[in-house]
Amino acid sequence: MPAANVKVGELMYQQQRQNLWGGLSHLWENNGLVAALSLVGVLTLSACGGSSNTVTENDLSDSGLDGVAPTLTEVAIYNGADLSDSVALGEKVLVAFTASEALMKPSVSINGVAADVEDFTDTGTNNLKFSASRAMTAEDAEGIVTFSITFTDRSGEAGAPVSSTTDETSVTYCIEGCAASCEAPEATVFDFEDLDTPRVFTDFGPDGAGRTAALSSVVPDPTDGSNSVVASEKDAAAEVWGGSWVVEGTEAAPLKALKLTEADPLVSVRFWSPAAGKTVRMKLEVADNGTVAVEADAVTTVAGAWETLTFDFANPAVGGIDPFAEYGKIVIFYDFGTAGVGESVAFYWDDVTQGGVGFDPDNCGNEVEQSVLDFDDATATFVFADFGPDAGGGRGAAGSMVVADPEDATNSVIASQKDAAAEVWGGSWVVAGSEAAPEFTLSLTPADSIVSLRFWSPAAGKPVRMKLEVADNGNIAVEAEATTTAAG
């Protein structure tokens, strides 16, 4: 679009590529000069102070459609959790697609019902990659899942609607689940045994300048000379995020990569730490594009011995799983959150494994029994405690209790209040039965690690932390967070 030059005294305003729809006004100051520019069909100018008011080159126009219809270059459909070709009731279908040019937000239907659409483009400006997902319901007909995508480019040029994949993928819907083989996902392992494999190591925080720690490399296992492991050191003057990364091959052409899905999100690492209680953060990156990444934490539990740490990327510390990413760069942050201690500290790691971590062949294909605490049994005994502040410690809020659901009197729920003078960690706990003899418990495994909760909050964006404890031993516990997305 041509430019319009607006000149007021010594002030030059260059208007670049601006669509003049409706009314648009600009107000600015320059050396005491105040000018108001109003663009409503015809360009006019009024000025207070200054000398002349002249408009030149008033040849702006609406660029309109660009004449080139966008296309979809890649279209695929999967089970949203494990990228398989079948879904059951309640599971999500995922349609992923890539466009030939930047798009406005597309419209996608799955089995004739509108789906949720997300932009996968990391910069937020190219808008080339999208995904759409929808959970299957009892109203959906069993059989092949259909979809339709309608889309326009940023100029408003419409592409031809798409309802087929480019890679021959398809998804079949079976309400009770389609028959499938029960096999562990194929594992990808970085074991560092082949000394002829080219590898790139980089240590950071600090980088080479001023670094005194030994550089990361493959060495014989100090406890087993027949095994090869990675030896790394956190520098004496390390940043809290000091660590190292490795790529097999090169960043431009990695020889090996990990692929994560919601159904297979675990990565294990054999790890040696000089002390227990050290947070180890793993970051997985696309080798030549660090903006596509996900991070998760694990904590060492032994000192001076090997153990297996498991990182759950379905509950990331930063980022999220991209099921189409190939993560070829493995980044490890040692004693994450702690700066250098004045001397180099050694760590060792080995056998980075993804695919079937936590897979239990004995339960494969069997429905997992659910444990549900619904508070509907009026004869049940519950012990509640509110804390931060505790009862009697200046607390003014009502104590937690079981009440009728304000929106459904036939349902029982817990009502809790965060005190007016609460600590940042203020909350409450409940035990069914008693602490000495609980009548309801949960058992978690890496393969079955999810706990859901129906929750009402007065606002969206509120972090809610759940802590599970052994009822009579709070030292055995685990915590995780979720964030509210609805208000009231």
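These are my notebook entries on strands, salt bridges and enclosed spaces in this structure.

**Entry 1. The chain overall**

I began with the kind of model, which is predicted. I then looked up the secondary structure of the protein chain and found zero helices and 34 strands. The chain has 488 residues, and buried ones make up 34% of them. I also checked how far contacts reach along the sequence. Of contacts between residues at least 6 apart, 67% join residues at least 24 apart.

**Entry 2. A six-stranded sheet**

I traced one open sheet of six strands next. Its order is S18-S21-S27-S23-S24-S26, with antiparallel pairing. The edge strands are S18 (199-204) and S26 (318-319), and each of them pairs on one side only. I looked at the S26 edge in detail. S24 and S26 pair over two bridges, in the antiparallel sense. There I found Glu-295 standing opposite Val-318 of S26.

**Entry 3. Glu-295 and its partner**

What does Glu-295 form a salt bridge with? I found Arg-281, with the closest N and O atoms 3.2 Å apart. Arg-281 lies in S23 (residues 279-286) and Glu-295 in S24 (residues 289-299), so this salt bridge ties together parts 14 residues apart in sequence. Are the two residues buried or exposed? Both Arg-281 and Glu-295 are buried. I noted again that S23 and S24 stand next to each other in the sheet order S18-S21-S27-S23-S24-S26.

**Entry 4. Other salt bridges**

I took the total for the structure, which is 15 salt bridges. One of them joins the side chains of Arg-395 and Asp-386, at 3.8 Å from N to O. I checked the accessibility of each partner. Arg-395 counts as buried because its relative accessibility is 16%, where the cut-off is under 20%. Asp-386 is at 12% and therefore counts as buried too.

I also recorded a network. Salt bridges link Glu-251, Lys-283, Glu-285 and Lys-329 in it. By residue number, Lys-283 and Glu-285 fall within S23 (residues 279-286).

**Entry 5. The S33-S34 hairpin**

I moved on to S33 and S34. A hairpin joins S33 to S34 through two residues. The two strands pair in the antiparallel sense over eight bridges. In this pairing, Met-466 stands opposite Ala-480 in S34.

A salt bridge also spans the hairpin strands. Glu-479 forms it with Arg-465, and the closest N and O atoms are 2.9 Å apart. Glu-479 sits in S34 (residues 473-483) and Arg-465 in S33 (residues 463-470), so the pair ties together parts that are 14 residues apart in sequence. Is Arg-465 buried or exposed? Arg-465 has a relative accessible area of 53% and is therefore exposed. Glu-479, at 40% relative accessibility, counts as partly exposed. I set this beside the Arg-281 and Glu-295 pair, where both residues are buried.

**Entry 6. The second largest pocket**

I turned to empty space. The second largest pocket holds about 210 Å³. How many residues line the second largest pocket? I found 13, of which Glu-74, Ala-96, Phe-97, Thr-98 and Phe-324 lie nearest its centre. The elements giving two or more residues to this lining are S7 (72-79), S9 (92-99) and S13 (129-135). S7 gives the largest share, four residues. I sorted the lining by class and got eight nonpolar, two polar and three charged residues.

**Entry 7. The cavity**

I searched for cavities last. The count is one cavity of 30 Å³ or more. The volume of the largest cavity is about 30 Å³. Which residues line the largest cavity? I listed Asp-203, Phe-204, Gly-205, Arg-211, Glu-233, Lys-234, Asp-235, Ala-238, Gly-242, Gly-243 and Tyr-334. S18 and S20 (224-234) are the elements that give two or more residues to this lining. S18 came up earlier as an edge strand of the six-stranded sheet. By class, the cavity lining divides into three nonpolar, three polar and five charged residues.

Technical notes
Residues numbered from 1 in each chain as written. Predicted model: local features only at pLDDT ≥ 70, side-chain atom pairs only at ≥ 80, totals over all residues. Heavy atoms only, no water. Salt bridge = Lys/Arg side-chain N within 4 Å of Asp/Glu carboxyl O. Buried < 20%, exposed > 50% of the residue type's maximum accessible area, 1.4 Å probe, protein only. 1 Å grid on protein atoms, 1.4 Å probe; cavity = no way out; pocket = protein on both sides within 12 Å on 5 of 7 lines; lining within 4 Å. Points joined across faces, edges and corners; volume = space filled by probe spheres on them. Nonpolar A, V, L, I, M, F, W, Y, C, P; charged D, E, K, R; others polar. Pairing = 2+ DSSP bridges. Contact = heavy atoms within 4.5 Å.
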